[in-house]
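Let's take a walk through a protein model together. Keep the picture handy and find each piece as it comes up.

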Amino acid sequence: MKQTAPEVRKGRRKNLAPAMALLMALLAPAFTPSGLAWRAEGAEHGGERSDLPGERSTNLFAEKTCLRYAHGFDISYQGTYKRIEVRRPWRDASEGFVYYLVARGHDPPPDLPRGAIVVPVPIQRLAVFSTTWTAFFPMLGIEDALVGMAGCEWIHTPEIVSRIRQGQIQEIGDGGRGMSRKIHLERLTLVRPEAVMVYATGIPEFDQHPKLLEAGFKAVVNASHMESTPLGRTEWIKFVAAFFNREAEAERVFDEIADRYEALAQKTRHVAHRPTVLCNAAWRGTWYVPGGAGYIARFLEDAGGRYVWSDDTNAGVLPMAIETVVQRARDAEYWIDTNQARSLAELLAIDERYGRFAAFRSGKVYNNDARVNARGGNDFWETGAARPDLVLADLVSILHPELLPGHRLIWYRRLPQLTEDAR
Amino acid sequence: MTSLRPDTSPRHGPPSLPHVGAAAWWALISVMAAAFVLELCLGSVLIPPRTIWAVLSGREGVPDAVREIVLLYRLPRAFTAMLGGAALGMAGLKMQTLFRNPLADPFVLGISSGAGLGVALVVFAAWGFGFLSVLEKTGILGNTALITAAAMGSATVLCVIMAIARRVENTVTLLIVGLMFGYIGSALVNVLLQFALEHQMQSYIAWTFGSFGGVTWRQLGVFSPVILAGLALAWVLVKPLNALLLGEGYARSMGVNVRRTRTGIILGASILSGTVTATCGPIGFLGIAVPHLCRLVCRTSDHRILVPAVILTGAALALLADMLAQAPGTRVVLPLNSVTSLIGAPVVIGVILRGRRTMETGT
Amino acid sequence: MKETCTVEYRKSTGRDQVPPLETHRLTVGYLPSRRERRPVAEGIDVVLREGELVCLLGPNGAGKSTLIRTLAGMLKPLEGEVRLSGDRLSTLSAREVARRMSLVLTDRPAVGLMPVATLVSLGRHPYTGRTGRLTRKDEEAVWKAMADVGIEDLAHRAFGELSDGERQKAMIARALAQEPSVLILDEATAYLDLPRRVELMELLLDLARAGGRAVLLSTHDLDLALRCAHRLWLLPHGGPLHTGIPEDLVLQGTFAEVFAGSGARFDAASGAFTVPCTFRETVALKADGIVGMWTYRALERAGYRVVAEGGARLCVEAVQTVGVASWRIHDGNRRKITVGSLESLLTLLETADRGELGAVGDNGAKDQPTRARDFEAALLKSVRS
């Protein structure tokens with residue numbers, strides 16, 4: 001998997017990701033800070049220079065990265081450059097993307113394939129197409145490098161918001177909403193980014209990267225949404241960090257988050273009763289529910305719940321006939337994430353038969369729209385994407401309030417009950 | 001269906017005129033009834049017929065979820081399909097006769113575009129309320145609001161069409177105007193789509209798939225009388241419809257008030273197609289295929305035979321399409337519109353390829 | 001003469017009170033816009049009587065259709081009124097009009113699959129109730145209509161499978177099922193071949209006479225109209241409408257006047273239109289009977305002016321022996337050639353034109369009856385070379 005130059009193998013950690021995870025999970029509270037120190041040391045040790053002639057500057061990257069949960073990308077360090085491979089940018093992708101991140105002032109490696117994308121790092125001007133990665137920037141301390149954003153009106157992260165207000169971040173979207181929002185190439189040109197980070201769907205109508213590449217921008221595809229675990233998604237912070245040579249920050253931040261997450265998940269691992277949970281809502285006869293192998297299912301499991309379709313093996317979203325939903329989920333104890341319905345009355349208005357669901361009757365219906373700004377931006381997809389530990393805390397607090405007393409829900413809220421006359 | 005062929009047995013006095021025997025009608029009714037039963041039995045969830053019967057007869061011992069599925073989901077769905085299919089077939093028949101065009105369908109006057117526009121406005125339009133559409137903001141987003149909006153959209157288009165119909169003598173002109181309204185409506189919807197959020201676009205697209213399943217008993221309580229009224233209106237117009245087959249010149253010479261008949265036809269067909277579209281989304285192909293199928297099987301263009309035949313056949317075909325859309329035994333649901341196209345298109349092709357141009361004088 | 005005919009008719013119908021259809025100072029035309037008024041014919045006072053077949057003739061664009069549609073009530077008259085059995089058309093309900101008058105138009109109905117009997121039964125529209133259900137009486141009327149027209153055996157055939165002539169008959173039967181006293185047909189013979197047209201005219205005559213109806217037929221078929229119609233209505237461009245029996249209209253020159261055009265002219269003698277052309281030669285014809293008539297026509301078409309015997313240098317004599325016709329040509333030089341067909345006659349005359357009559361075959365021609373075929377061959381050979 002990882003190819004390391006022979007020179008740097010000396011100080012490198014071996015890939016003991018699963019073992020480390022177990023170890024950390026067991027000794028988390030005490031071990032973590034020292035563990036971090038140990039790793040930093042190791043990284044520093046790995047920064048030895050080679051003595052071979054002509055290779056004086058091969059180890060410019062002092063900090064390396066090691067992936068514990070994410071499977072969608074891979075970084076290899078080749079001295080003056082890093083090679084990042086994004087493996088499966090969309091569901092049926094036959095091939096991935098490769099980016100060569102070359103240290104500033106150095107030449108790109110010879111013999112690169114045609115059309116290879118070379119990005120000088122650290123980047124100083126980055127434009128970003130999705131709000132999902134926005135929260136990473138202040139965490140890594142690189143918010144100054146963010147100069148362009150699509151959907152500025154939806155941002156919650158305070159540092160970014162203030163930069164937007166000060167005009168340091170320009171809007172690069174074309175004003176379209178939702179899936180039809182595209183990058184406005186002229187605005188993007190004015191921003192002069194060194195790279196543009198986008199996600200890809202494999203659907204030509206929505207994909208931005210082909211047009212960007214044609215227009216001469218360095219389009220970098222971030223496929224964090226393809227990960228099937230919450231931590232896997234968040235671990236793409238390291239992907240972003242690699243472009244800024246902030247791997248150490250990323251490691252530190254992520255490990256903290258991962259540790260907290262694992263600790264919380266551990267608490268719920270052996271609960272006596274796992275309440276059943278139903279997700280999403282239907283539109284006119286068809287429900288689109290998360291698959292049993294996706295990250296939402298994982299969240300629920302880690303929160304001590306049992307997703308009603310946990311036996312499903314798909315990671316994506318499943319269309320589901322309403323009859324099937326009724327059969328399986330009518331008696332689910334909790335209903336989490338009701339899409340656009342913001343109150344029980346609204347749910348009833350959508351389909352009055354929802355009123356017969358057990359979760360509805362007991363009022364245990366929650367939605368993740370507690371932090372939505374006036375323009376429709378939902379912080380759940382922003383900060384929530386970067387803090388799965390807090391999302392998990394919310395979920396645990398819903399499903400097993402006794403485990404987290406005193407926790408106040410951040411992104412989730414219970415739907416207001418029906419008033420007497422509305423019932 | 002040999003008994004649908006004209007009766008050629010000799011009798012005393014003048015021989016009887018061609019008519020359809022009672023046996024044929026009973027056969028058709030039983031086909032529809034069988035489809036109804038099948039629809040109840042088949043669904044995404046496998047429920048044995050015994051259990052279904054137990055639920056219908058009110059017996060105990062059936063799990064709540066199953067009981068709910070049968071009574072609250074399948075039964076209204078079956079009725080909706082029957083009424084919707086009959087309505088669409090009837091609207092298609094009327095349009096084909098009025099315009100004397102075998103390609104006319106219930107939506108040829110732009111009714112479904114009006115409905116779509118109404119839905120789009122409700123789902124998308126964010127008139128200065130930030131990202132939420134008006135109805136989302138006021139908290140009454142829901143099925144009823146949607147149906148109302150779609151109905152109002154259809155009604156608006158209908159009023160405009162009727163106003164134009166008063167001034168326009170030529171029926172072909174009316175047809176073209178209706179088609180243009182259809183295009184305008186679709187174009188406006190596409191414009192609105194540009195400003196839609198993901199969930200809104202998904203809602204709209206899901207609406208365009210069409211579905212009989214989203215209708216609850218309460219909505220059926222409004223749906224049924226309207227449809228039945230529309231079908232009754234069609235029955236009243238049987239005589240003038242027959243006269244119109246000969247052409248407006250002949251119809252006038254036989255005492256038909258062509259203008260009033262035209263108004264009645266347009267009104268009736270639009271109420272039927274508009275109501276079905278508002279409640280179930282735009283459902284295509286049934287309106288074209290069912291009249292052709294009936295004409296071919298009954299071997300006549302006589303509306304006295306066609307009107308009831310279309311009602312029964314439309315109901316049966318809609319039930320069949322709904323069954324297939326449910327993809328019984330699997331978890332998924334196919335878009336109803338696709339299923340009706342897959343069924344309807346071959347029917348139309350088959351009718352044409354058999355060399356019987358059911359609406360032409362033939363040469 | 002005229003009076004006698006009229007009296008005869010009145011006697012045969014037995015009813016001489018109110019005619020089924022009549023007009024008073026009717027002006028027909030159309031209104032292209034609110035302001036504009038375009039009259040097509042003015043001051044029309046005509047009467048349709050029971051038992052009469054009337055043909056409406058006129059050049060294209062004269063307004064026959066407009067007149068027909070006004071009489072049928074489909075167009076409003078610009079002035080004047082139409083009366084059906086004494087009642088003003090404008091005051092009658094559509095249903096009442098339908099019971100008194102029915103139409104056969106050129107519209108092609110979209111009823112390909114419908115059995116003929118059902119189609120005819122549509123004609124009972126003004127009599128049936130809301131749903132169009134037929135009573136016994138209605139059924140009998142339908143069968144009677146089909147019997148009158150002679151299409152009982154077609155009752156269960158699909159309309160689309162019929163031939164053009166049968167279809168027209170079916171549409172006439174439908175009109176008859178309305179039990180009208182006035183039957184109006186607009187160009188009913190348009191798509192038919194000649195035998196079918198003759199058949200149709202005979203049918204219409206029969207329907208008029210035996211059925212006691214008034215039948216008005218607008219047609220372009222001048223020949224049949226002249227022969228079959230009881231009366232003609234002639235509508236020239238700009239009016240006025242002329243009426244009368246066919247022969248009167250011909251002899252009075254009205255016919256020729258109405259159809260006067262730059263091309264054909266109406267020839268009273270033959271009762272047909274002739275195409276004028278310049279004559280090249282005068283030929284005297286001695287012939288009679290059928291042979292004579294057709295010889296005359298052939299000569300005329302070939303461009304020869306035909307005069308009586310002795311009126312020209314060239315003379316053609318038609319001879320009939322034992323049912324076989326032959327023609328003898330002789331010019332003033334007493335040269336005679338006999339041929340067996342009109343075609344060879346005409347070819348021979350062409351050579352005469354060129355002054356070479358009898359150039360070949362002169363020997364012994366005047367004395368012996370030659371076998372026509374040999375001469376034909378020789379003649380053709382000389383013409384070709």
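What follows is a short tour of some helices, sheets and contacts, grouped by topic. Keep in mind that this is a predicted model. We start with two helix pairs in chain B, move on to where chain B meets chain C, and then look at sheets in chains C and A.

**Helix pairs in chain B**

- Start with helix α3 of chain B, residues 64-99, which packs against helix α14 of chain B, residues 303-325. Their axes are 7 Å apart, and the packing angle is about 135°.
- Angles over 145 degrees would count as roughly antiparallel and 65 to 115 as roughly perpendicular, so α3(B) and α14(B) are oblique to each other.
- As for handedness, α3(B) passes α14(B) in a right-handed crossing.
- Which residues of α3(B) meet α14(B)? Among them are R77(B), A78(B), A81(B), M82(B) and L93(B). On the α14(B) side, the list includes L306(B), V310(B), I311(B) and D322(B).
- Sorted by class, this contact of α3(B) with α14(B) has 14 nonpolar, five polar and two charged residues.
- α3(B) also packs on helix α12 of chain B, residues 258-280, at an angle of about 145° and with the axes 9 Å apart. This time the crossing is left-handed.
- In that second pair, α3(B) brings residues including T80(B), A87(B), A91(B) and L98(B), while α12(B) brings residues including R262(B), I265(B), L272(B) and C280(B).
- The contact of α3(B) with α12(B) divides into 11 nonpolar, five polar and two charged residues.
- G84(B), L88(B) and M90(B) are worth finding in the picture: these residues of α3(B) meet α14(B), and they also meet α12(B).
- Just ahead of α14(B), look for R299(B), which sits in the loop between α13 (286-298) and α14 of chain B. Its phi is near 50°, a positive value in a residue other than glycine.

**Where chain B touches chain C**

- How many residues does each chain give to this contact? Chain B gives 34 residues and chain C gives 37 residues.
- On the chain B side, α10 (238-245) and α11 (248-253) each supply at least two residues. The largest share there, five residues, comes from α10(B).
- The side of chain B that touches chain C is made up of 12 nonpolar, 12 polar and 10 charged residues.

**A six-strand sheet in chain C**

- Chain C has an open sheet of six strands with mixed pairing, and the order is β7-β8-β9-β4-β10-β11.
- Why does one side of β7 (101-104) and of β11 (242-244) in chain C have no neighbour in the sheet? Both strands stand at the edges with a single partner strand each, so one side is left free of a neighbour.
- On average, neighbouring strands in this sheet are turned by 15° against each other, direction ignored.
- Strands β4 (residues 53-57) and β10 (residues 231-234) of chain C run parallel and are joined by four bridges. Look for L57(C), whose bridge partner in β10(C) is L234(C).
- Helices lie on the sheet too: α6 of chain C (residues 164-177) lies across β7 and β8 (182-186), running at about 170° to β7(C).
- Helix α7 of chain C (residues 194-211) touches β4, β8 and β9 (214-218), and its direction makes about 155° with that of β9(C).

**Strands in chain A**

- Strand β5 (residues 126-128) and strand β6 (residues 146-149) of chain A run parallel, with three bridges between them. One of the partners to spot is L126(A), which pairs with L146(A) in β6(A).
- β6(A) also pairs in the parallel sense with β7 of chain A (residues 170-171), over two bridges. Here G148(A) has Q170(A) as its bridge partner.
- To get from β6(A) to β7(A), the chain goes through helix α3 of chain A (residues 158-165), making a right-handed β-α-β crossover.
- Chain A also has an open sheet of five strands in the order β13-β10-β15-β16-β17, with mixed pairing. Its edges are β13 (306-307) and β17 (413-414), each with a single partner strand.
- Within that sheet, β10 (residues 276-279) and β15 (residues 334-336) pair in the parallel sense over three bridges, and V277(A) stands opposite Y334(A).
- Finally, a cis peptide bond joins V121(A) and P122(A), with omega about 0°. P122(A) is found in the loop between β4 (117-121) and β5 of chain A.

Key:
Residues numbered from 1 in each chain as written. Chains lettered and ligands numbered in written order. Predicted model: local features only at pLDDT ≥ 70, side-chain atom pairs only at ≥ 80, totals over all residues. Contact = placed C-beta atoms within 7 Å. Nonpolar A, V, L, I, M, F, W, Y, C, P; charged D, E, K, R; others polar. Pairing = 2+ DSSP bridges. Axes fitted to C-alpha atoms, helices over the stretch in contact; angles between N-to-C directions. Parallel < 35°, antiparallel > 145°, perpendicular 65-115°, else oblique. Left-handed = near helix turned anticlockwise from the far one by under 90°. Right-handed = clockwise from strand over helix to strand, strands pointing away.
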